[in-house]
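Welcome! Here is a short guided walk through one protein chain, written for someone meeting it today. Have the view ready to turn as you read.

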Amino acid sequence: MKEVIIYTDGACSGNPGPGGWGALLIYGDHSHEIMEGDFETTNNRMELTAAIEALNALKRPCRVILHTDSTYVKDGISKWIENWKQNGWRTATKKPVKNADLWQALDEAVERHDVVWKWVKGHDGDEGNERADELANMGLNNYKVL
């Protein structure tokens with residue numbers, strides 16, 4: 001199984017407001033960059049979308065080391081999601097899980113791969129994270145109303 005290193009990030013101007021996401025995928029000496037955005041979204045939705053789209057961009061099952069600066073994404077997928085699923089997509093306080101549509105899509109995307117989740121401090125000089133941030137902002141800029 002090939003190993004792919006992924007860096008993801010989301011950005012938002014206003015929360016909610018226009019947003020963007022970006023991902024850097026690295027396999028050996030090869031890299032691939034993807035980005036997009038939306039007119040009306042939140043930062044958390046863009047963080048989740050970056051991870052979903054990066055995993056869905058892989059054409060076959062891979063071992064993935066996915067770097068995110070979002071504790072929301074990392075904790076959600078590694079700590080909270082199993083309870084949400086058992087509770088019918090409700091939190092421990094019985095409220096509907098925010099962004100359940102994206103959590104379900106991420107859960108589905110993760111099933112195809114062997115994913116290790118790594119948290120990195122944002123805006124702290126990590127080259128992969130810095131590039132993912134640039135891509136997210138490029139995606140955001142396509143949706144800003146001037």
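Let us begin just past a helix: α2 is followed by G88, and the phi angle of G88 is positive, near 65°. Please keep in mind throughout that this is a predicted model.

**The whole chain**

Stepping back, you can find 4 helices and 5 strands in the protein chain. Read from the N terminus, their order is β-β-β-α-β-α-α-β-α. The radius of gyration is 15 Å, close to the 15 Å that the globule rule gives for 146 residues, so the chain is as compact as a globular protein of that length. Along its principal axes, the C-alpha trace spans about 45 × 45 × 25 Å. Buried residues account for 46% of the 146 residues. Of the contacts between residues at least 6 apart in sequence, 66% join residues at least 24 apart.

**Strands side by side**

Now look at β4 (63-68). This strand is mostly covered, with 5 of its 6 residues buried. β4 runs parallel to β1, and 6 bridges join the two. Here Y7 stands opposite H67 of β4. β4 is also joined to β5 by 6 bridges, and this pair is parallel too. One place to see the pairing is T68, whose bridge partner in β5 is W119.

**Two helices compared**

The table sets α2 and α3 next to each other.

| Helix | Residues | Distance between end C-alpha atoms | Expected span |
|---|---|---|---|
| α2 | 16 residues | 22 Å | 22 Å |
| α3 | 12 residues | 17 Å | 16 Å |

In α2 there is a kink of about 65°, centred on W80. The buried residues of α2 are Y72, V73, D75, G76, I77, I81 and W84. Their cover includes α1, β4, α3 and β5.

For α3, the buried residues are A100, L102, W103, L106, D107, A109 and V110. Among the elements covering them are α1, α2 and β5. A general point helps when reading such lists: an α-helix has 3.6 residues a turn, so residues three or four places apart point the same way.

**The nonpolar core**

Which residues have the most contacts inside the largest nonpolar core? They are I6, L55, W103, L106 and W117, in a core of 32 residues. Two or more residues come from each of β1 (3-12), β2 (17-27), α1 (43-56), β4, α2 (71-86), α3 and β5. α1 gives the most to this core, with 7 residues. In soluble globular proteins, nonpolar side chains tend to be buried together.

W117 is a good residue to zoom in on. Leaving aside neighbours within four places in sequence, W117 is in contact with A51, L66, V73, K74, I77, L106 and V110. Of these, V73 and I77 also appear among the buried residues of α2, while L106 and V110 are among those of α3.

**A histidine in a loop**

Our last stop is H113, in the loop between α3 (100-111) and β5 (114-119). Is H113 buried or exposed? Its relative accessibility is 10%, and because buried means under 20%, H113 counts as buried. Not counting residues up to four places away in sequence, H113 touches L55, L58, R60, P61, C62 and V64. One of these, L55, is also listed with the residues that have the most contacts inside the largest nonpolar core.

Notes. Residues are numbered from 1 along each chain as its sequence is written. This is a predicted model: local features need pLDDT of at least 70, side-chain atom pairs count only at pLDDT 80 or more; totals for chains, interfaces and linings use all residues. Side-chain values use heavy atoms; hydrogens and water are left out. Buried means under 20% relative accessible area, exposed over 50%, partly exposed in between (1.4 Å probe, protein chains only). Contact means heavy atoms within 4.5 Å. A nonpolar core is a set of buried Ala, Val, Leu, Ile, Met, Phe, Trp, Tyr and Cys residues joined through side-chain atoms within 4.5 Å. Two strands pair if DSSP finds at least two bridges between them. The expected span of a helix is 1.5 Å times one less than its number of residues. The bend at a residue is the angle between axes fitted to the seven residues ending there and the seven starting there. The radius of gyration is taken over C-alpha atoms; the globule rule is 2.2 Å times the number of residues to the power 0.38.
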